Amino acid sequence: MVEQVRNYLEEHQDRFVSELVDFLKIPSVSADSTLKSETRQGAEFVLKQMEAAGLESRLVETDGHPIVYGAWKKAAGKPTVLVYGHYDVQPPDPLDQWTTPPFEPDIRDGHIYARGATDDKGQMYTHIKSVEAWMKTHGELPVNVVFVIEGEEEVGSNNLDRFLEENHDLVASDIAVISDTSQYAPGIPAITYGLRGILACEVIVNGPSQDLHSGVFGGAVTNPGNGLAKMVAALHDDQGRVQIPGFYDGVIELTQEERDQFAALPFDEAKFMNALGVNAVAGEAGFSTLERRWARPTCDVNGMISGYTGEGPKTIVPAQARVKITCRLVPDQDPVALTKALEQFLREQLPPGLTMEFIDFHGCRALVFDFHSPYMSAARSAIEQAFGAAPVMIREGGSIPVVETFQKLVGVETLLLGWGQNTDNLHSPNERFSLEAFRQGTLASALLWQELAEIQV
Ligand code: BES
Ligand code: MN
Ligand code: MN
C-alpha cells in the first residue's frame with residue numbers, strides 16, 4: 001500500500017521542486033501593503049495546488065489577506081487532522097545581503113534559496129504533496145484532513161480567529177499538524193512540544209514639535225533619543241532579568257527532569273557562537289543557552305530609531321524617537337496583562353519634557369504539550385521511518401499564535417513537526433530549505449496520515 005505512495009513521491013519529486021520554485025517566486029509579503037495583490041497570488045497558487053491534490057478547496061475572504069480552506073472527509077470513523085500553514089512571508093530586507101534575489105529561487109549546495117523557502121512555503125507544501133500522492137495512488141486518504149493555510153501569520157494572524165470562531169463545523173478535528181518549526185540539527189529530526197508566546201508593541205516618544213539645532217537648544221530640553229535609550233536600558237538589570245513589575249509572576253519554572261533533558265541534547269556552544277557571529281552568549285543569569293531560548297521569557301528591542309541617521313553628521317535634538325519591542329513569553333505568562341504592565345513601566349520611566357504613545361500590536365500565550373499522547377507516538381513513528389532517525393523532543397523559542405487558538409477554539413493539541421533547520425536563515429537574508437528535508441518531510445507527512453489512521457476516535 002504505502003509502497004505506491006513512496007514510489008509516487010520519488011517519481012514526482014523533480015516536479016514538486018519546480019512547483020515550489022514557482023511558489024517561491026511570488027512575493028507574498030503580508031506586511032507590505034504595496035504587495036497586496038501579490039500576496040493574494042500566493043493564496044491562489046495554494047488553492048490550485050490543493051485542488052489538484054484532490055482537496056475540495058476555496059478562498060475565504062477576510063478583512064486582510066485571504067485564507068485557503070480545503071478538506072477531504074471521506075474516511076468514516078477515522079481521525080480528522082487539521083493542517084495549518086502560511087503562504088505569507090517576511091519582508092526580504094536587507095536586500096543587498098542576499099547572494100541571489102529573494103524572489104528568484106536559486107538551487108545550490110542542496111538547498112533552495114528564497115524568501116519563504118523554509119518559513120513556511122516549503123514546509124507547508126510537503127503536506128499538499130503527500131495528500132496528492134495518496135489521492136493519485138489510492139483515490140483516498142487514510143484519515144480525514146482539513147487544510148487552513150493563512151496569509152497573515154507574519155503580521156499576527158489578525159483575521160484567523162474570527163474565521164475559526166465562525167466556522168466551527170468546517171474546522172472540527174481531533175488533532176492539528178503544523179510544519180513551521182525546525183529539526184534539532186542536521187540528522188537529528190525533532191518534534192516540538194512547546195513554543196514561546198509573544199507580546200509586541202511600539203513606543204513613540206515625542207519631544208519638541210520639530211527637530212532643533214542642538215547647539216542653540218541642546219541641553220535646555222529633553223532629547224527624545226537620550227530619553228528613550230534610558231527607558232529601554234531600564235528594562236533589564238545587569239543579571240539579564242526583566243524589570244517590568246510582575247513579569248515573572250506567572251512563569252512556571254523548569255523541572256529538573258526537563259533541565260536534564262535539555263542538557264542531554266548535543267549542543268556545542270562554540271559552534272553556536274560561530275554560526276551567529278557573536279563572541280559571547282548572554283542572557284538571564286543561571287540558565288543555559290537552550291533554557292534561555294526555549295523556556296525563559298525575554299524582552300527585546302526589534303528596532304529603534306531617532307533623529308538623523310543619514311550620511312555624515314547633523315547637529316540636532318530630534319523631535320521624536322521610536323522603538324519596537326517584543327517580549328517572548330513562557331507558560332503561564334499572560335500577554336494582555338504584561339502588555340499593560342510594560343506600558344505602565346515605560347510611562348514611569350518617561351523623563352519629564354517628553355510624551356509617550358504606546359501601540360499594542362498583538363500577542364499570544366506560550367504552550368507546552370504532553371508528549372506521551374498517541375498522536376505524538378504516531379508522529380514519532382512517521383518521522384523515524386522517513387528521516388531514518390528517531391526524533392528528539394524539543395521546545396522552541398519562536399511563536400505560532402494559531403496553536404493557542406486551536407486549543408481554545410477547536411479544542412485540539414498541535415503536532416509541531418518541523419522539517420527546517422535553525423540555520424536556514426528564516427526572517428534573514430539568504431533564507432533556504434534543504435531539498436533533502438523537503439523530500440523527507442513529504443514522505444513523513446504521507447506516512448503520518450497512515451499512522452494517525454490507527455488511532456481510535
Ligand atoms: N515559523 C515561525 C515560528 C517559529 C520559527 C517557531 C522557528 C519555532 C521555530 C513563524 O512564522 C514566525 O515567525 N512567528 C512569529 C510570530 C509573530 C509574528 C506573532 C515569531 O515567532 O516571531
Ligand atoms: Mn512560519
Ligand atoms: Mn516567520
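I looked up which way the side chains of strand E3 point: Thr80, Leu82, Tyr84 and His86 face one way, Val81, Val83 and Gly85 the other, and all are buried. Buried means under 20% relative accessible area with a 1.4 Å probe, protein chains only. Strands (E, at least two residues) and helices (H or I, at least four) are DSSP runs numbered from the N terminus.

This is a predicted model, in which local features need pLDDT of at least 70, side-chain atom pairs count only at pLDDT 80 or more, and totals for chains, interfaces and linings use all residues. Residues are numbered from 1 along each chain, ligands from 1 in the order written, and side-chain values use heavy atoms without hydrogens and water.

Next I checked the pairing of E3, where a pair needs at least two DSSP bridges. Seven bridges join E3 to the parallel strand E6 (residues 144–150), with Val83 opposite Phe147. E3 also pairs with E7 in the parallel sense over four bridges, and Tyr84 has Ile178 as its bridge partner there.

I then listed the protein donors of the manganese ion (ligand 2): His86 (NE2), Asp119 (OD) and Asp180 (OD, listed twice), at 2.0 to 2.3 Å. Donors are N, O and S atoms within 2.8 Å of the metal (3.2 Å for Na, K and Ca), and sites may look incomplete because water is not among the atoms. Along the chain these donors follow the spacing H-x32-D-x60-D.

Last, I noted the second metal: ligand 3, also a manganese ion, is 3.6 Å from ligand 2, and Asp119 coordinates both. Asp119 counts as buried at 6% relative accessibility, and Asp180 is buried at 11%.

Technical notes:
Buried < 20%, exposed > 50% of the residue type's maximum accessible area, 1.4 Å probe, protein only.
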